[in-house]
Amino acid sequence: MKEKQQIADIDRSVYDIKDTETDAYKIDAGLTPALVEQISKEKNDPVWMQQFRLHSLQIYNELQVPDWGPSIDGLNMDNIVTYVRPNTNMKTKWSDVPEDIKNTFERLGIPQAERKSLAGVGAQYDSELVYHNVRQEVADLGVVYTDLESAMHGEYADMIRKHFMKLVPPTDHKFAALHGAVWSGGSFVYVPKGVSVEIPLQSYFRLNAPGAGQFEHTLIIVEEGAYLHFIEGCSAPKYNVANLHAGCVELFVGKNATLRYSTIENWSKNMYNLNTKRALVEEGGKVEWVSGSFGSHVSYLYPMSILKGKGAKMEFTGITFAGKGQNLDTGAKVVHAAPDTSSYINTKSISKDGGISTFRSSVVVNKDAEGSKSSVSCESLMLDAQSQSDTIPAIDVRTRKADVGHEAQIGKISNEAIFYLMSRGLSEEDARACIVSGFADNVSKELPLEYAIEMNNLIRLEMKGSIG
Amino acid sequence: MMENNTIRVNALPTLTWHRLHVNACKTEPYTPVKPCTVQTVSENGVAAVSALEPCTDCSAVETGVGRNVDNLFQWGMTVTVPENGSDTLRMEIGSEDGGDCAAFVHVQAEAGSELTLVQIWKADASHAALRTVIRAEAGATVRLVQILADASAECINDVGCVTGEKTSFEVIRLYLAQGNVISGIRTDLAGNGSSFTCKSGYLVKPSKKLDMNVIANHIGKNTQSDIQADGTLYDGAEKAFRGTIDLKRGCAGSEGKEEENVLLLGDDVVNKTIPLILCTEEDVKGSHGASIGELEQGMLFYFEARGISKSEAEKIVAKARLEKLCQETADEKAAEYMHRKIEEVI
């Protein structure tokens, strides 16, 4: 028991670091046109963006809260601070980042990862990026990796305007509209035609302020024949008040290009994670989603792929771990909008200590998508009788020339497997953790080694104390 | 619930994205002017069958289509199979003078009884609705065979069942209807060790719609459910299949599975498949699978190598999927009737 306590304390504290609030600017809580205009002014928006924000706010006020997912009654927008500017501007040298913020990210291993295994890193603290850097040799290839605000005022301004919230319009749902109104921070990545970025880029999002929201926007354009692996990480310390994450990710994958987008989400368990991710894939292109959802109090997360071009492909590999007090509604969506497109969705979910895990998906095969194939596989593991695990897939096929398969299973850890491992010297707790790690293997093997280790550590941490 | 002069029926037990239009089926409400005629023949004379008469409680058991059609069922009859009794009942459901009609059949299968209930739809009306609710007491076995090959423009086939301990509820349904069909079935596996199997075969003709909702609620311990649907959609046909296995807290040792195979034979088809598993119990197993598409290439090659054309091969496979149901129907007369209807249609 003593060991359990020590391990839990040591590991959790990495994510639970709370910095003293020394923000340079913090907007009043709530959501009004005046506050949105204030954010726009703070961010020095171009006129079109200011109008876009106000229009989005109007849409937000008109749309209803979703009635089909987990309850978000505990989220009161009147109490959410939508913009918190940290006490620094964006740096390109790690040594220039203020000491307290730097320490937080160093504990999370961000600069170490950059040195060892990344081509570039962006680090967002509350509403703004505090650090952004890309290796010179990658920049020399013409790869742009910067914060969205800078890009909006520079040579890529027209490109941003052409793509910003075109895949996820504010009318998509209430929290997409909210994002359109108060977005701040995030990254812009542009990979030119034929360029292959061999080592990943990473953005890490850290929310420190209690009662605040984070609304970063990630826009990635991968041109024809290019390749990119982008990693997104996120965490926050736990507070007694609700925090909100309503980010937005828009991915444009060009002809014959490939984009892999990996996420390990470990928000604190007071977080409402209402995130929207979407990819548009052109002819012969491919988007690969790798998604680990471990944190948050409530999550709505369903990365969507629109297979627009002939032969476009999508793969989604995901794992969701819902523990005590968590209601994680996750899954994937795909639209086959062109011939010979293919999609493969493979997910695992684990529910424990009263946690609720829901796999939700939609596969739509349009009339024109002749020759398309789709396969969905989801497996759920129930670790106790207090938890809940639901599987809610939907398939809509509009052409005879399609091949769509779906399979799902739900069950518990077999007693035989535990007995087998215990007979070889493992404690029951370690045996269960071992089986759960194996269950999650489909995701961990898709991640770079460092992230796979982090994910396995998270699983082990969640599994500690699972007996009795 | 009324929305823009439509009612929601066949609703999923839990919602998903509204823009997919799969959460429920919307249909226009109507008021039946007469009861459907229900001609009943008992093979052994064991079951007591009442006459159709105005009924006051047609919603004693929750059903698959749901409460929004409660008002349709103003006339009902009761079938009672006494304790340890055994009988086969054949019902023909028709419409007098072709008017819109509805009927409610309440089956009480007492402990240890065995009932095979064959319902053949022969109504020819704009609207015909039948609700069958079954209470199966401990140790009872109820087999329900439903054959819809009628000419009604729209049929509603609504079933609800509550099972007692160690009861068995077996359903076989064949849909070859000329019109649109809304079909819902809900079984509450309340008794420990009870089981529910539901095997449906369908063939949806051009420009017709079939909307199915099958719900298996596992409440008692060691309960079993097996939901299967196999069918074919012709050009312009539309079908939705909602299948739910709900493994409720306390149903330890239970297992539910569901499978749907859809053969698409025409352009402009709309196939919606929504197979749900809801689970709040640890010691259970649940699984579902679905395959949707045209004739598999390997199978087509097999046929063509034997001189069978693609269109002929498609007919053979479509027919085989339905004929399977005949083999699984214990009642020979019903199986023979099903076989004849399949021959007529394909």
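**Group meeting talk: a two-chain predicted model**

Let's start with one pair of residues: V121(A) stands opposite Q202(A), which sits in strand β7 of chain A. Before I go on, a word about what we're looking at. This is a predicted model, where local features need pLDDT of at least 70, side-chain atom pairs count only at pLDDT 80 or more, and totals for chains, interfaces and linings use all residues. Residues are numbered from 1 along each chain as its sequence is written, and chains are lettered from A and ligands numbered from 1 in the order in which they are written.

When I say helix or strand, I mean DSSP runs, H or I of at least four residues for a helix and E of at least two for a strand, numbered from the N terminus. Two strands pair if DSSP finds at least two bridges between them.

Okay, back to β7. Which strands does β7(A) pair with? On one hand there's strand β3 of chain A, residues 120-125, which pairs with β7(A) in the parallel sense over 6 bridges. Then there's strand β10 of chain A, residues 227-235, also parallel to β7(A) and joined to it by 6 bridges. Our friend Q202(A) turns up here too, standing opposite I231(A) in β10(A).

So, is β7(A) buried or exposed? Here "buried" means that 20 or more other C-beta atoms lie within 10 Å of the residue's own; 12 or fewer makes it exposed, anything in between is partly exposed, and the C-beta atoms are placed from the backbone. For β7(A), residues 201-206, 6 of the 6 residues are buried, so the strand is largely enclosed by the rest of the structure. Here's a handy thing to remember: in a regular strand the side chains alternate between the two faces of the sheet. In β7(A), one side has L201(A), S203(A) and F205(A), the other has Q202(A), Y204(A) and R206(A), and they are all buried.

Now a helix from the same chain. Helix α9 of chain A, residues 174-182, has 9 of its 9 residues buried, so it too is largely enclosed by the rest of the structure. Among the buried ones are F175(A), L178(A), H179(A) and V182(A). What covers α9(A)? The cover includes two helices, α2 (33-42) and α3 (47-62), plus the strands β12 (248-253), β14 (271-274) and β15 (276-281), all of chain A. By contact I mean two residues whose C-beta atoms, placed from the backbone, lie within 7 Å.

Let's zoom out to the whole of chain A. There are 13 helices and 25 strands, and 56% of the 468 residues are buried. The C-alpha trace spans about 65 × 60 × 45 Å along its principal axes. For the radius of gyration, taken over C-alpha atoms, the globule rule is 2.2 Å times the number of residues to the power 0.38. For 468 residues that rule puts a compact globule near 23 Å, and chain A has 21 Å, which agrees. Of the contacts in chain A with a separation of 6 or more, 83% are between residues 24 or more positions apart.

On to chain B, which has 3 helices and 23 strands. Of its 346 residues, 55% count as buried. With 346 residues, a compact globule would come out near 20 Å, and chain B has 19 Å, which agrees.

The UniProt record, an unreviewed entry, annotates residues 104-320 of chain B as "domain: SUF system FeS cluster assembly SufBD core". UniProt positions are in the numbering used here, feature names are shortened, and annotations may be inferred rather than shown by experiment. Over residues 104-320, chain B is 9% helix and 59% strand.

One strand to look up in chain B is β18, residues 209-218: 9 of its 10 residues are buried, so it is largely enclosed by the rest of the structure. Strand β16 of chain B, residues 180-189, runs parallel to β18(B) with 9 bridges, and I182(B) stands opposite D211(B) there. β18(B) also pairs in the parallel sense with strand β20 of chain B, residues 238-247, over 10 bridges. In that pairing, K209(B) has E238(B) as its bridge partner.

Last stop: where the chains meet. How many residues does each chain bring? Chain B puts in 37 and chain A puts in 31. On chain B's side, β22(B) gives the most, with 10 residues. Strand β24 of chain A, residues 388-397, runs antiparallel to β22(B), joined by 6 bridges, with V397(A) opposite N271(B).
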